[in-house]
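Morning, everyone. I have one structure to show, and the topic is its empty space and its ligand. Let me put it on the screen.

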Amino acid sequence: MTSDVTATATAAAEPRVVVVTGGSRGLGAGIVESYLASGDRVAACARSVTPEVEAWRASHPDHFLFETADLSRSADAKTFVDAVVARWGHVDVLINNAGVARDGILAMASDDDIDTVVDLNIKGTLYVSRLVTRRMLARRSGSVVNISSIVGRSGYRGLGVYSATKAALDGLTRSMARELGSRGITVNGIAPGYLRTEMSHGLDEGQMDQIVRRTPAGRLGDPGDIARVCQFLTDPRNDYLTGQVIVVDGGLTS
Ligand code: NAP
C-alpha cells in the first residue's frame with residue numbers, strides 16, 4: 001500500500017514533456033509560460049526567435065527547448081518533433097497553437113493568402129499531430145489541445161479562409177478523439193474569443209471597443225485565460241473529457 005502511494009507520488013512529480021507550436025509570442029508564449037511555471041519541460045517552435053525565447057533559454061536551460069521551424073512544411077515539422085524526442089524521449093502534451101490569419105473578404109483573397117492560412121492552420125496541425133500522436137499511441141497516453149477560434153463557428157466578415165481552417169480543426173479534434181480515445185489519449189479544442197495579440201492588430205480600436213461592449217466579461221481575453229484551460233484539459237485526471245471544443249470568450253457568443 002505504502003509503496004503504491006510512493007510510486008504514484010513519484011510518477012506525478014515527473015515533469016511532463018509539453019510541445020507548444022507557435023510558442024514564441026502571443027498566446028503560445030502565454031501557454032509556454034504556464035507550463036514552465038508548473039515545472040514541465042516545454043518544447044516550442046516558430047519561424048523566428050523572439051526575446052521571450054531568449055529569456056526562457058537562459059532561465060530554464062534544462063526545461064525549455066526551442067527550434068525554428070516553418071510548420072507549413074512537413075519536413076520542418078519532422079525536424080522539430082525529432083528534436084523533442086531526441087532531447088526528452090517522448091511527448092505527453094501537444095498544444096497545436098501556431099496559426100495565421102489574413103484579413104479580407106474571400107472574393108479578394110489571393111492564392112498566396114489561401115495557401116498561407118490553409119498550409120499552416122490545417123496542414124501544419126496535421127503534420128505535427130501525426131508525428132506526435134504516433135509516439136503517444138506507442139506509450140498509450142497523452143493529451144492534445146487544438147487552438148481553434150469562435151469564428152470557426154460563428155463566421156466573421158473578412159475572415160472566411162481563417163474561419164474555414166478553424167472549423168476544420170474542430171472536425172479534426174472530434175476525429176482524433178475517436179481514433180485515440182481507446183489508447184488513453186484525450187483530444188480537445190479551445191475556441192478563444194478575441195485576444196490582444198499581434199494577430200488581432202488588424203482590428204481597429206472601434207472594433208475592439210465594440211467587442212468589449214458585447215462581451216459579458218467586459219474585456220478582451222488574455223493568454224492566461226486560455227493557458228488555464230489548456231492546463232485543465234491536459235491534466236491527466238481529466239481523462240474522461242475528450243472530443244470537445246471549449247469556447248473561452250468571456251461569454252461573447254453565449
Ligand atoms: P500571433 O501572436 O500571431 O502568434 C502566432 C505564433 O505562431 C507565433 O509564435 C508565430 O511565430 C507562429 N507561427 C506563425 N506562422 C508559423 C509557421 N508557418 N510555422 C511555425 N510557427 C508559425 O497569434 P496569436 O494571437 O498568439 O494566435 C495563436 C493561436 O490562437 C492561433 O491559432 C490563432 O488562430 C488562435 N486565436 C487567436 C485569437 C486572437 O484574438 N489573437 C483568437 C482566437 C484564436 P513566427 O511568426 O515567428 O513563425
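I will go through the ligand, then the pockets, then the cavity, and end with one backbone angle.

A word on the source before anything else. This is a predicted model.

Start with the ligand. Where does it sit? It sits in the largest pocket. The elements that give two or more residues to the shell around the ligand are helix H2, residues 26–37, and helix H7, residues 160–180.

How many residues surround the ligand? The count is 27. The closest are Ser24, Arg25, Asn97, Tyr162 and Thr197. By class, that shell holds twelve nonpolar residues, ten polar and five charged.

Now the polar contacts. I have three to point out, each to an oxygen atom of the ligand. Take Arg47 to begin with: an N or O atom in its side chain is 2.7 Å from a ligand oxygen. Next is Lys166, where a polar side-chain atom lies 2.9 Å from an oxygen atom of the ligand. Then Gly22. Here the backbone does the work of reaching the ligand: a backbone N or O atom lies 3.0 Å from a ligand oxygen.

How much of the ligand does the protein bury? Taken alone, the ligand exposes 880 Å². The protein buries 95% of that.

Back to the pocket itself. The largest pocket has a volume of about 1,300 Å³. Its lining has 47 residues. Closest to the centre are Gly99, Val100, Ala101, Tyr162 and Met199. Note Tyr162: it is also among the residues closest to the ligand.

Which elements build that lining? H2, strand S2 (41–46), H5 and H7 each supply at least two residues. By class, the lining divides into 19 nonpolar, 19 polar and nine charged residues.

On to the second largest pocket. Its volume is about 550 Å³. It is lined by 24 residues. Nearest its centre lie Arg16, Asp92, Thr234, Asp235 and Pro236. Helix H1 (2–13), strand S5 (142–147) and helix H9 (223–234) are the elements that give two or more residues to this lining. H9 has the largest share, with three residues. The class split here is six nonpolar, eleven polar and seven charged.

Next, enclosed space. Rolling a probe the size of a water molecule over the atoms shows where empty space is left. How many cavities of 30 Å³ or more are there? The count comes to one. About 40 Å³ of space lies in it.

Its lining is Thr21, Leu71, Asn96, Ala98, Leu120, Gly124, Thr125 and Val128. Helix H5, residues 111–139, gives the most, with four residues. By class, the cavity lining has four nonpolar, four polar and no charged residues. H5 is also one of the elements that supply at least two residues to the lining of the largest pocket.

Last item: the backbone. Most residues other than glycine have a negative phi. Arg140 has a positive one, near 55°. Where is Arg140 found? It is in the loop between H5 and S5. Those two elements have come up already: H5 in the cavity lining, and S5 in the lining of the second largest pocket.

To recap the ligand: it sits in the largest pocket, and the protein buries 95% of the 880 Å² that it exposes when taken alone. That is my slot. Over to you for questions.

How values were computed
Residues numbered from 1 in each chain as written. Predicted model: local features only at pLDDT ≥ 70, side-chain atom pairs only at ≥ 80, totals over all residues. Heavy atoms only, no water. Near = heavy atom within 4 Å. Polar contact = N/O pair within 3.5 Å; in protein donor to acceptor, adjacent residues only side chain to side chain. Areas by Shrake-Rupley, 256 points an atom, 1.4 Å probe, with all protein chains shown as cover. 1 Å grid on protein atoms, 1.4 Å probe; cavity = no way out; pocket = protein on both sides within 12 Å on 5 of 7 lines; lining within 4 Å. Sits in = over half its atoms within 2 Å of the grid points. Nonpolar A, V, L, I, M, F, W, Y, C, P; charged D, E, K, R; others polar. Points joined across faces, edges and corners; volume = space filled by probe spheres on them.
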